[in-house]
Amino acid sequence: MSDIEQTVRTRLRGLRRAQSLSLDDLAERSHLSPSTISRIETGKRAISLDVLLPLARALRTDVETLLAEDVDEDVVIRPTPTREHGRTTWMLTKATGSTTAMKVRLEPGPRPQPRVHPGHDWFFVLEGSVELTLGERVVRVEAGEAAEFETMTPHAFVAVDGPAEVIMIFDRDGHRVHRRDGATD
């Protein structure tokens, strides 16, 4: 096995674990089987473009980052849009950090069910308007405004009166929930 192959395998496993994704989670996102992903990570299956591309997309990175000789030297993040569940997401931090930042474009839709989870969330509305449900309150957050809250309060947010773009920052606990359930909760 070449050094680059081992590096790619290590990066794939590291990104999956940093995002708290099980093999089943990543399989669902990439439309590959869990056993295929496991064999790739352990070196029992060759890495080819037909699996590398869907894995990179599912891990919200690009193939160039997976293949780069020295990723740590590059401090510039080049976000790639990911579209799912009526939203577009750009990851603005490296997947291995303890805090996650992302830009999200939300489309108006039904108000999601408020949820609770460990953690702390913060978002800044770049464009449009967002209605944030916090417990029994509904707070409208306009372009140029931010919201910060403890996530043990039942919460959800949705774009109103048209699309909205937000920058979100949350800790690792919040990242697990937003990754799993979508950025609108």
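## Surface and burial

In this predicted model, the protein exposes about 9700 Å². Carbon and sulfur atoms supply 51% of that exposed area. Of the 185 residues, 42% count as buried.

## Secondary structure and contacts

The protein contains six helices and seven strands. Read from the N terminus, the order of elements is α-α-α-α-α-β-β-β-β-β-β-β-α. Five helices thus precede the run of strands, and a helix follows it.

Contacts were also sorted by separation along the chain. Taking those between residues at least 6 apart in sequence, 60% join residues at least 24 apart.

## Aromatic pairs

A search of the whole structure gives two aromatic pairs. One of them is formed by Phe 123 and Phe 149, with an edge-to-face arrangement. The ring centres of Phe 123 and Phe 149 are 6.5 Å apart, and the angle between the planes is 75°. Phe 123 belongs to strand β4 (residues 120-134) and Phe 149 to strand β6 (residues 146-150), so this pair ties together parts that are 26 residues apart in sequence. Phe 123 counts as buried because its relative accessibility is 1%, under the 20% cut-off. Phe 149 is also buried, with a relative accessible area of 5%.

Phe 123 forms an aromatic pair with Phe 157 as well, and this pair is stacked. Here the distance is 4.9 Å centre to centre, with 25° between the planes. The pair links distant parts of the chain, since Phe 123 is in strand β4 and Phe 157 is in strand β7 (residues 155-171), 34 residues apart. Phe 157 has a relative accessible area of 1% and is therefore buried.

## The phenylalanine cluster

Through these ring pairs, Phe 123, Phe 149 and Phe 157 are linked into a cluster. Phe 123 takes part in the edge-to-face pair with Phe 149 and in the stacked pair with Phe 157. The cluster brings in residues of strand β4 and strand β6, together with one in strand β7.

## A charge over a ring

Lys 103 and Trp 90 make a contact of another kind: the charged end of Lys 103 sits over the ring of Trp 90. The distance from that charged end to the ring centre is 4.8 Å.

Technical notes: Residues numbered from 1 in each chain as written. Predicted model: local features only at pLDDT ≥ 70, side-chain atom pairs only at ≥ 80, totals over all residues. Heavy atoms only, no water. Helix = DSSP H or I, 4+ residues; strand = E, 2+ residues; numbered from the N terminus. Buried < 20%, exposed > 50% of the residue type's maximum accessible area, 1.4 Å probe, protein only. Contact = heavy atoms within 4.5 Å. Areas by Shrake-Rupley, 256 points an atom, 1.4 Å probe, with all protein chains shown as cover. Phe/Tyr/Trp six-rings, centres within 6.5 Å; stacked < 30°, edge-to-face > 60°. Lys NZ or Arg CZ within 6 Å of the ring centre and 35° of its normal.
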